[in-house]
Amino acid sequence: MPRYRDLTHTARPSDAPRVFEPKNPIRTTDPGALQMLKMVEEQKIETVFDRAVAQHPQCAFGYKGICCRICMAGPCRVKTEEGPGSRGLCGASAYTIVSRNIVRLIAGGAASHSEHARHVLHTAHAMLEGHAPDYKIESPAKLQKLAQDLGIATLDRADADILRDVVEVGYADFGRYQDRPLAFLDSFLTEGRRKKFLATNIMPTAIDKSVTELIAQTAMGVDSDPVNIIFGGLKCSLADLGGEYIGTKLSDVMFGIPQPIVSEANLGVINEKMVNIAAHGHNPVLSEMIVAAARAMKDDAIAAGAEGVNVVGICCTGNELLMREGVYMATSSASQELAILTGALDAMVVDIQCIYPAVQTLAECYHTKVITTEAIMKIPNAQHIAFNTATALEDAKKVIGIAIKAFKNRDPKKVNIPSEKHSIVAGFSVEALMEIFSKVNPDRPISVLTDAILSGQLKGVVLMAGCNNLRRPQDEGHVAVLKELVKNDVFVVSTGCSSGAYAKFGLMSPLAVEEYAGEGLKSFFKMLEAANPQLATGLPLVFHCGSCVDNSRGMDLAIAMANELGVDTPKVPFAASAPEAMHEKAVAIGSWCVTMGLPCHVGSMPPVEGSDLVYGVTTQIAHDVFGGNFILEMDPVIGARKILDALEYRSWKLNVHRKAAEKFETSLAQGW
Ligand code: BF8
Ligand code: SF4
C-alpha cells in the first residue's frame, strides 16, 4: 500500500472540487489565451471554453464509469440500489463495466501512439526502398545504439543495412505471432521488470494483437473478471510503451536527437508581418517537411508581401519541432482555437490526434485555411492534401503555397495578436542531459543525478506529462504542481501539453529558476552550469523532453537511474504526474508508468469511482503487485505533496539499505 506522511492524505482524493465553477467560461490561466479572449470579447465567438460550460453537468454514470455501451442492448447504467438495477442487462456488475470501460481507453491510447509509430516505420521503410527521397538518416549514432539495444549487428555494416533490420524488427513488433516479447519493449527493460511481466502474464508479444485482444476480451459476454480485465489493460499499456519507443527512437534516427535550443512560446510568436502557418498534431514525418518547405519558399512569401514564412507549433507536433528545429510554440491543446482568433494565422496544417474539429468552424470566420493530410483524419469543409512520403516535400510546398495565397486575403481589421510570449530553452533528450552530466562525471553521467538524490540535494525526479482538461482551468494544474515540486528540490522533466504549459508561462527558462527553485535544486543547477561553460544559456527550471510519445524518454531516464542505483524501477525516486489528463493516450501512459513501478499522479478523475474494487486496484493493489500506483488527486498542491511523499519514501529506503550494505560490505538488499 502506498504510504503518506500527512495522515490526512489517503488513497482517496481530497474534497477539492472536481469541476471548477461549472458556469464560468473563463477556463484558462494561460496569460496569452486570457489576453486573446479579452481581445475578442465583444465578438461573442464560441470556443472550447463555452462548450465546456455547456457540457456541464456531465452524466454522473459516465463520470464514474458505470455506463456500459458495449452492446446495443444498452446503454446499461448501474444504479446503487439493490436488485436488478444494480447490474447491466446481461448481469455485468459495476466492477466488470468499470474495468472494461477503462481498459478500452488504454486500447484507444495504444492504437493512437502506435499508429504514429507505424507511420514513422513506413517512412523509414519507404526511404530504404528509395520511395521517400526527402528523408534521410539524420543520426547514425542513434541508429547504432538502437540496433545494439535490439541485438542487431552493426560492425562494418552500412547504415541503410542496419536500419533495414531495425525496421524489420519494428514491423514484427506490430504483427508477431510467436510467443516472444515485443522486441522494442524488451530491449530496455530491467531484469526485474522483465521477470515481473512474465510472471504476471502481461508481457505483450505484438502491438496490434494487444489492442485487438483487449477489444475482444472486453466485448459483450467475454471477460467479466475485473482483475483479469485490468491485467489485459496493463499488457496493452506495455504495448503502448513499446510503440512509443518505436516512435521516439526512429524519429531521432531520421530527424536527429534533440539538443538544447533557444526558442519562444505563446500566441505572441504569431508574426503580423509573416505568412503564419501552424503545424498541429503529432508526427514529425509531416511537420519536418513543412519546416523544410517553409524555408525553401521564403522568397515566395516575400513576393506576396510578407517578410517570410513563420511556422509555429501547436500540441505535440509543436513539441517535436521545438526540440529539433527551435520552431516557436504558439499554444497547446485547450487553446488551439485561439491561434485562429489572432486573425493572422494563414493556414493550419494538421495530421492526427488532439485536433479539435472546431478549428474548421472558426477558420471559416477568418481567412485561415485548415489542411488535413492523413487518410484517417479529415474534417468536413477543410481542404485535404493527401500527404505522401514519396512526394513529401512537394506536398508540404503545396501546403505552404496555400498559406501564402491565404495571406493575401488576410483582413488587417481582424488581426489581434496577443503580445504574450516568452523565451525558453528546450531540447533535452536523455542524450542531451547525459552530455551535461558527463561534464561532471564522464564515466557515469547518470550518477550525477542519483548522487544528488542520495545526498538529499534533490528529492527525486518527476516526469510532468499530459493534456488539458477543462474540468479545471487550462494549465492551472500543470503550473501549480510544478511550482510545488521545484520548491521542494525536485528535478522535473516534461512532455506533451505539460511542456506546452511551461513554455507558455515562461517557466521553461533559466529566468524562472531564481524565483521558483528550492535551494537544493538551485545549487544542483549551479554545479552543472559551472561544469558546462559551453552552454549558451543557463539551465531551465523544467527540462523539455518532448512530445507525448517521448514519455519513453522519461522512462529511459528512470531506467538509467535504476541501473545506476542497482535496483529495479519501483525503488527509484522517480514519479510521473498528469495534472490535466484528458486523452485516451494519457490513460495508456499512466497505466504503463504504474506497471513500470512508478507512482503516477492524475489530477482529473478517470472513470473508476463506480467500482471500489477497480478504484482500490488502481490506487493501492497495483502498488503491491507492480510497485507503482495511481495517485488520483484533484487538488494540485496536495497532489504534489503526495508525489513528494512517494519520492521521499523511496530515497529514504534507498539510503537505509545502501548504508547497511556498505556497513556489512554486502550487496544491496533487493527484497523491500
Ligand atoms: O499527445 S498531451 S492533449 S497534444 S494527448 Fe494531446 Fe494530451 Fe496534449 Fe499530444 Ni499528449
Ligand atoms: Fe448492457 Fe451487458 Fe450490453 Fe453492457 S454488455 S450494454 S451491460 S447488456
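Where does P57 lie, in terms of α2 and α3? P57 turns up in the loop between α2 (48-54) and α3 (60-64), with helices (H or I, at least four residues) and strands (E, at least two) taken as DSSP runs and numbered from the N terminus. The peptide bond from H56 into P57 is cis, its omega near 0°.

A word on the ground rules. This is a predicted model, in which local features need pLDDT of at least 70 and side-chain atom pairs count only at pLDDT 80 or more, while totals for chains, interfaces and linings use all residues. Residues are numbered from 1 along each chain as its sequence is written, chains are lettered from A and ligands numbered from 1 in the order in which they are written, and side-chain values use heavy atoms, with hydrogens and water left out.

Another cis peptide bond links G74 to P75, with omega about 5°. P75 belongs to the loop between β1 (67-68) and β2 (76-77). G74 also turns up in the surroundings of ligand 2, along with C68, C71, C76, G88, L89, C90, R100 and M220; a residue is counted here if one of its heavy atoms lies within 4 Å of the molecule. That shell splits into six nonpolar residues, two polar and one charged. In this scheme Ala, Val, Leu, Ile, Met, Phe, Trp, Tyr, Cys and Pro are nonpolar, Asp, Glu, Lys and Arg are charged, and the others, Gly among them, are polar.

Ligand 1 has its own shell, made of H282, C315, C316, S333, C354, G466, C467, C497, C548, M582, H583 and K585. Seven of these are nonpolar, four polar and one charged. Ligand 1 lies between domain 1 (1-19 + 58-258 + 430-662) and domain 2 (261-414), because both give residues to its shell; the bounds come from an automatic or database domain assignment. An oxygen atom of the ligand is 2.7 Å from a side-chain N or O atom of H282, and for K585 the corresponding distance is 2.8 Å. C315, from the same shell, lies in helix α13 (residues 315-325) and has a positive phi, near 60°, despite not being a glycine.

Then there is an open sheet of six strands, paired in parallel in the order β13-β12-β11-β14-β15-β16. Its edges are β13 (543-544) and β16 (630-632), each pairing on one side only; pairing takes at least two DSSP bridges between two strands. Strand β11 (residues 460-464) runs parallel to β14 (residues 574-578), joined by four bridges. Within β14, S577 is the residue opposite M464.

Key:
Polar contact = N/O pair within 3.5 Å; in protein donor to acceptor, adjacent residues only side chain to side chain.
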